[in-house]
Amino acid sequence: MTLSSSPAGRPDPDALLARVAAEEAKQARGRLKIFFGMAPGVGKTYAMLEAARKVAKEGVDVIVGYVEPHARPETQALVMGLDLLQRREITRGGSTLYEFDLEAALTRHPQLILVDELAHTNAEGSTHAKRWQDIEDLLAAGIDVYTTVNVQHLESLNDVVAQVTSIPVRETVPDHVFEQADEVELVDLAPDDLIERLREGKVYVPAQARRAIENFFRKGNLIALRELSLRKTADRVNAQALDYRSENAIQRIWPTSERLLVCVSPSPFSAKLVRGARRLAGSLQAPLTALHVVSIRSPRLSSEDRQRLDQNLRLAEELGAKVDTITADRFAEGVVAYAREHNVTKIVVGKPQGRSLRDWFRESAIDELIRISDDIDIYVIRGEGTSPAPPVRNPVSRPINHRAYALALTAVAVCTAVGWQLRTILAPTNLAMLYLATVVAVSLVGGRGPSIVATIVGVAVFDIVLVPPYWTFAVTDTEYLLTFLVMLTTGLVVSELNARIRSQNVLVRQRERHTAALYSLSRELANLPTADSVAEAARRRIREALDIDVWIAISDDGKTLKAPDLSPSPLPAQDEGVARWVLEHRRPAGRGTDTLPGNAATYFPLLVTEGIVGVLGVHSRQPEGPLLSEPMQLLQAFVGQVAGAIERCGLALQAEKIRLQMETERMRNALLSAVSHDLRTPLATITGATSLLAQSDPPLPPETQRDLARSVVDEAERLHRLVTNLLDLTRLESGAIQLSRELQPIEEVIETSLARTERHFPGRPVTTEIARNLPPVSIDAILIEQVLVNLLDNADKFSPPELPIVLRAFAEGDRLVVEVEDRGPGLPSGEEQRIFEKFYRVSPQAHRGSGIGLTICRGIVELHGGTIAARNRDAGTGAVFRFTIPFAKLPEPRYAAE
């Protein structure tokens with residue numbers, strides 16, 4: 001059920017804006033062409049390859065991304081001569097699967113790519129679960145795509161195909177992918193010809209072909225599938241025709257196919273009218289639309305009439321009609337404008353039950369509709385069966401605004417008093433303007449009724465008091481009759497126009513509130529990270545907009561409901577079965593529906609592309625009747641937004657899990673790569689040296705034995721440092737390290753660190769520049785020593801042996817600054833922060849190391865409340881690693897009182 005807010009006969013600005021935005025988006029995307037068929041073997045792939053070869057001859061860069069030849073020689077022959085994209089191999093369970101390589105296709109970026117089998121499910125480990133998602137990425141990258149799909153793979157027809165063939169189809173494509181295609185080419189083949197192809201082995205191997213003919217490819221099944229494919233293609237062509245008419249502002253009807261429209265009102269006869277229109281549409285095999293026109297001239301409907309209107313519209317939906325509601329100044333104009341916009345060929349309206357007094361003086365709505373319909377057929381029918389009681393013409397009993405009527409009479413009296421004072425100065429025809437101004441003022445303040453009273457009373461009083469002879473209705477000058485007529489006509493017209501404006505303002509304000517509610521909800525939901533927060537925001541916004549109680553339950557698996565803790569109250573026990581039914585059947589239930597209508601609440605499924613994500617329940621605070629059509633339309637818009645937001649949160653959570661898995665896999669590979677190399681080298685050295693010492697016969701010279709023993713010790717220490725770093729990294733990430741802070745002079749920590757590193761790289765010159773009188777710092781000396789050792793070790797790896805390493809320590813404000821400067825090649829631009837990441841190495845081939853030493857440095861320094869950074873030297877080559885630690889705040893000295 002939709003609601004059109006554009007006045008009849010006027011272009012919808014929102015639709016125009018949406019069309020412009022869609023055209024701009026299309027220009028940036030690639031074009032999608034689908035070769036569509038009723039079943040395998042009709043020649044979709046063959047037609048796709050033929051079309052690709054034609055455009056390739058025109059100079060278009062064409063590449064075959066993935067094609068299933070099915071061992072058909074004619075298909076394989078068409079592939080020859082076209083560029084082929086290497087397929088991606090995936091090994092699973094000892095078997096090798098070949099899949100379309102999306103990353104390679106995006107890197108190659110041809111003008112046109114061929115990707116067969118749109119509904120294919122990708123193997124585990126692929127970028128996307130479905131091939132149509134791969135194609136979406138290709139289109140987003142601006143690459144044109146040719147693809148193929150069969151009618152049984154469309155999601156909306158999946159159940160129909162299963163019912164016809166008794167064979168469920170597991171792989172489906174969302175209908176929006178098919179509908180958004182730029183071009184669909186139907187590849188058709190007669191069922192007998194397709195069966196003959198099967199028997200000749202041109203589709204499957206002979207044994208498989210025999211089984212296929214006995215099951216899926218029975219002639220009856222093929223006839224039904226062919227009809228479905230033809231109808232689906234015809235529907236698409238029909239939609240294209242409507243778009244073309246809309247884009248080119250074509251008003252005349254194109255009777256290419258029959259389309260029926262039935263006008264629905266609150267009348268009790270409308271139910272019979274809808275059923276009659278449905279029978280007519282069935283006999284013509286035409287789609288049916290049920291339209292309700294909200295006229296700004298009509299009084300507001302009573303609660304009873306609104307409920308009856310809602311029941312009539314719901315009946316039309318149940319009978320398969322599309323339901324729409326528009327607002328128009330005049331009923332006939334609105335209906336005809338809608339019919340021309342949607343290429344409706346026949347309009348069905350109800351036969352009037354007699355003529356009212358008003359119909360004798362002006363054209364009825366039915367007569368006006370027949371007169372302006374032009375090339376549209378009008379059917380005036382009456383439902384069959386026993387006639388219900390005639391509808392009440394105006395059941396709305398509005399309370400009379402006595403204050404407004406008193407104000408109108410008072411205004412006329414004031415106007416008359418002013419006119420009496422001015423009668424000697426102004427002519428009576430000029431005094432009539434005072435009454436017209438009074439009527440305008442009253443219509444703005446009091447509405448239609450008081451302004452009509454002011455008009456009639458004003459004309460009468462003007463005649464009696466201000467037109468000679470005074471105090472009588474008699475008129476000596478017949479020209480005053482024209483003045484009276486103009487005053488009366490002008491006053492009534494002004495009253496009517498102001499009443500219309502007030503009614504339009506009410507509708508505009510209502511739509512503005514609805515639009516504002518939808519906008520505020522969509523804006524708030526767009527920034528919420530979790531499904532529970534989405535449910536809470538939606539519950540609050542819907543309650544404020546519609547004044548109803550809302551309950552939302554989320555389903556993570558589509559089978560069980562999980563009510564968020566933020567709901568106002570738990571789900572009533574008697575409603576749990578209703579909510580579970582909605583979740584299972586994916587249809588609304590409860591109050592105002594055909595399923596469990598006696599329930600106090602109404603429950604809606606939160607449907608998304610991939611299934612259902614929850615259930616939304618509403619409980620109206622008005623005990624009488626179901627939810628009416630106007631709030632129901634807004635509520636359905638809310639339901640769609642909530643479902644989309646919950647789906648987005650689920651997709652974001654899934655994407656985060658995938659990202660974490662990918663990060664974990666990357667870290668695992670990096671760890672294995674780094675540790676395997678760094679473990680293998682010292683272990684190989686130790687094994688080789690000890691083997692020589694143990695197996696040499698005769699024994700090696702003492703000097704050689706000392707060298708081998710020294711190598712064993714050096715590599716064992718290197719292995720020890722690696723294991724220590726890994727353990728320290730694990731402790732840092734798990735938060736297991738507890739600082740043992742003590743006030744320490746930094747000079748002692750530096751001296752100890754230099755002593756530890758001296759035996760690792762003997763002969764390396766290290767220059768220290770330590771400022772005098774540095775205050776002590778509150779640190780864990782052992783951990784800070786580890787930081788200095790790692791920084792010095794890193795500087796030694798990247799500096800030539802003869803060049804010195806500079807170690808500085810100085811104060812900067814309330815912080816201690818320590819810098820380690822080397823004379824190596826420096827840091828690549830943009831890598832100054834990445835070098836502190838785990839397992840990151842600037843030059844992994846040229847230098848040893850696992851890439852975790854600097855990560856440990858950062859963790860220890862940040863644990864002390866400090867910072868660490870790296871930069872290139874200002875002059876010459878080399879890098880400077882700098883970390884800061886806050887000085888300890890010493891207690892102020894206390895002096896004894898004298």
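This section walks through a predicted model of a single chain, from its overall make-up to two sheets, a helix pair and two individual residues.

Starting with the whole chain, the secondary structure comes to 25 helices and 25 strands. The chain has 898 residues, and 41% of them are buried. Its accessible surface adds up to about 48,400 Å², with carbon and sulfur atoms supplying 55% of that area. Taking the contacts with a separation of 6 or more, 71% link residues that sit 24 or more positions apart.

The parallel sheet is a good place to begin. Here 6 strands form an open sheet, with parallel pairing and the order 4-3-7-8-2-9. Strand 4 (83-84) and strand 9 (183-187) are the edge strands, and each pairs on one side only. At the strand 9 end, the neighbour is strand 2 (residues 32-37), and the two run parallel, joined by 5 bridges. Within this pairing, I34 stands opposite V184 of strand 9. At the other end, strand 3 runs parallel to strand 4, with 2 bridges joining them, and V64 faces L84 of strand 4. Strand 3 also pairs with strand 7, again in the parallel sense, this time over 4 bridges. The bridge partner of I63 in strand 7 is I113. As for burial, 5 of the 5 residues of strand 3 are buried, so the strand is largely enclosed by the rest of the structure.

Helix 2 (residues 44-57) lies across much of this sheet: strand 2, strand 3 (62-66), strand 7 (112-115), strand 8 (144-150) and strand 9. Relative to strand 8, helix 2 runs at about 165°.

One residue of this region deserves a closer look. D116 is found in the loop that leads from strand 7 to helix 5 (131-140). Loop or not, D116 is buried, with a relative accessible area of 1%. With neighbours within four places in sequence set aside, D116 is in contact with T45, M48, Y66, V67, E68, R131, T147 and T148. As for K44, it lies 72 residues away from D116 along the chain, yet their C-alpha atoms are separated by 9.1 Å.

A second sheet is put together from 4 strands with antiparallel pairing; this one is also open, and its order is 15-18-17-16. Strand 15 (548-554) and strand 16 (589-590) stand at the edges with a single partner strand each, so one side of each has no neighbour in the sheet. Strand 16 is joined to strand 17 (residues 602-608) by 2 bridges, the two running antiparallel. In that pairing, G590 stands opposite T602 of strand 17. Helix 20 (residues 576-585) packs on the sheet and touches strand 16, strand 17 and strand 18, its direction making about 145° with that of strand 18. Helix 19 (residues 531-546) lies across strand 15 and strand 18 (611-620), and runs at about 160° to strand 15.

Further along the chain comes a helix pair. The axes of helix 24 (residues 781-798) and helix 25 come within 9 Å and cross at roughly 150°. The crossing is left-handed. On the helix 24 side, L783, I784, Q786, V787, N790, L791 and N794 take part, and they meet G853, L854, I856, C857, I860 and V861 of helix 25. Sorted by character, the residues of this contact divide into 9 nonpolar and 4 polar, with no charged ones.

Helix 25 (residues 853-863) itself has 8 of its 11 residues buried, so it is largely enclosed by the rest of the structure. The buried residues of helix 25 are G853, L854, T855, I856, C857, G859, I860 and V861. Just after helix 25, the backbone does something worth noting: G865 takes a positive phi of about 80°.

Finally, a residue from another helix. T438 is found in helix 16 (residues 428-446), and at 13% relative accessibility T438 counts as buried. Neighbours within four places in sequence aside, the contacts of T438 are with A411, V412 and C415.

Definitions and conventions: Residues numbered from 1 in each chain as written. Predicted model: local features only at pLDDT ≥ 70, side-chain atom pairs only at ≥ 80, totals over all residues. Heavy atoms only, no water. Pairing = 2+ DSSP bridges. Contact = heavy atoms within 4.5 Å. Axes fitted to C-alpha atoms, helices over the stretch in contact; angles between N-to-C directions. Buried < 20%, exposed > 50% of the residue type's maximum accessible area, 1.4 Å probe, protein only. Areas by Shrake-Rupley, 256 points an atom, 1.4 Å probe, with all protein chains shown as cover. Left-handed = near helix turned anticlockwise from the far one by under 90°. Nonpolar A, V, L, I, M, F, W, Y, C, P; charged D, E, K, R; others polar.
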